[in-house]
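User: I would like to learn how to read the features of a structural model, one at a time. Could you take me through the one shown here?

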Amino acid sequence: MSLSQCHWSMYLLWLAWKIATAASVSEQADSKRPMTFLQAISFQFVNVKALMMAVSSAVVFTLPGDNYTLSVLLVGVIFTLINLPCCSVWVVFGSGLRRFLKNEQSLRAFNWSLASLTAASVALFYV
């Protein structure tokens, strides 16, 4: 077992615990409000997944030389066209899930299910 596997395992187990013991619906309503539109836009500049996707797509899918600008624009348009329907499905699914998770017991069961799956994924490091 490498040190990296151990670190990732510990992180995933900690994350599973945080998911399992997440705040209830009533506690969430009192503690936080959602991000504003400008805050969400600003967050993208520190969103590691978005930055890595942007850098890797620029490296992999753009062409060097005279075609660079055109290829960057083309990659941007294709990513936008793919992103819009994917985000729409995500929003519809989330809205439906929200109705199901208003019940305290449903939320707890959902959280423990996701936490169990997260914890079980640690085994994949050692297969």
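Analyst: Let us begin with a single residue: Y126 has a relative accessible area of 40%, so this residue is classed as partly exposed. Please keep in mind throughout that the model is predicted.

User: How should I read the aromatic pair that Y126 forms with F125, and what is its geometry?

Analyst: The general idea is that a pair of aromatic rings is described by the distance of the centres and the angle of the planes. The structure holds four aromatic pairs. One of them joins W17 and W112, whose ring centres are 6.4 Å apart and whose planes stand at 85°, which makes the pair edge-to-face. Because W17 belongs to helix 1 (residues 3–20) and W112 to helix 6, this pair ties together parts that are 95 residues apart in sequence. The pair of F125 and Y126 is also edge-to-face, with 6.4 Å centre to centre and 80° between the planes.

User: Are the residues of these pairs buried or exposed, taking W17, W112 and F125?

Analyst: The label follows from the relative accessible area, where under 20% is buried, over 50% is exposed and what lies in between is partly exposed. W17, at 52% relative accessibility, therefore counts as exposed, whereas W112, at 43%, counts as partly exposed. F125 is partly exposed as well, at 29%.

User: Which residues form an aromatic cluster?

Analyst: W8, Y11 and W14 form one aromatic cluster.

User: How many salt bridges are there, and which side chains meet in one?

Analyst: A salt bridge is read from a nitrogen-to-oxygen distance, with a cut-off of 4 Å. The count here comes to one salt bridge, in which the side chains of R108 and E104 meet at 3.8 Å, N to O. Because R108 and E104 are four residues apart in helix 6, about one helical turn separates them. Both partners are partly exposed, R108 with a relative accessible area of 33% and E104 with 32%.

User: What does the side chain of N103 reach, and where is N103 found?

Analyst: N103 is found in the loop between helix 5 (68–100) and helix 6, and its side chain reaches the backbone nitrogen of Q105 at 2.8 Å. With a relative accessible area of 39%, N103 is partly exposed. A separation in sequence can be set beside one in space: N103 and M10 are 93 residues apart in sequence and 31 Å apart from C-alpha to C-alpha. For F110 and F100, ten residues apart along the chain, the C-alpha atoms are separated by 9.7 Å. F110 is found in helix 6 and, with a relative accessible area of 26%, is partly exposed.

User: Which residues form a nonpolar patch on the surface?

Analyst: The patch consists of M35, F37, L38, I41, F43, F45 and V46, which together have about 820 Å² of accessible area. Among them, L38 lies in helix 3 (residues 37–43) and, at 63% relative accessibility, counts as exposed.

User: Where is the confidence lowest, and where is it highest?

Analyst: For the protein, pLDDT averages 88, and 93% of the residues score at least 70. Confidence is lowest in helix 2 (residues 25–31), with a mean of 63, and highest in helix 6 (residues 104–120), at 94.

Note on methods. Residues numbered from 1 in each chain as written. Heavy atoms only, no water. Patch = residues over 30% accessible without salt bridge, like charges linked within 9 Å, V, L, I, M, F, W, Y side chains within 5 Å. Areas by Shrake-Rupley, 256 points an atom, 1.4 Å probe, with all protein chains shown as cover. Helix = DSSP H or I, 4+ residues; strand = E, 2+ residues; numbered from the N terminus. Buried < 20%, exposed > 50% of the residue type's maximum accessible area, 1.4 Å probe, protein only. pLDDT = per-residue confidence, 0-100. Polar contact = N/O pair within 3.5 Å; in protein donor to acceptor, adjacent residues only side chain to side chain. Phe/Tyr/Trp six-rings, centres within 6.5 Å; stacked < 30°, edge-to-face > 60°.
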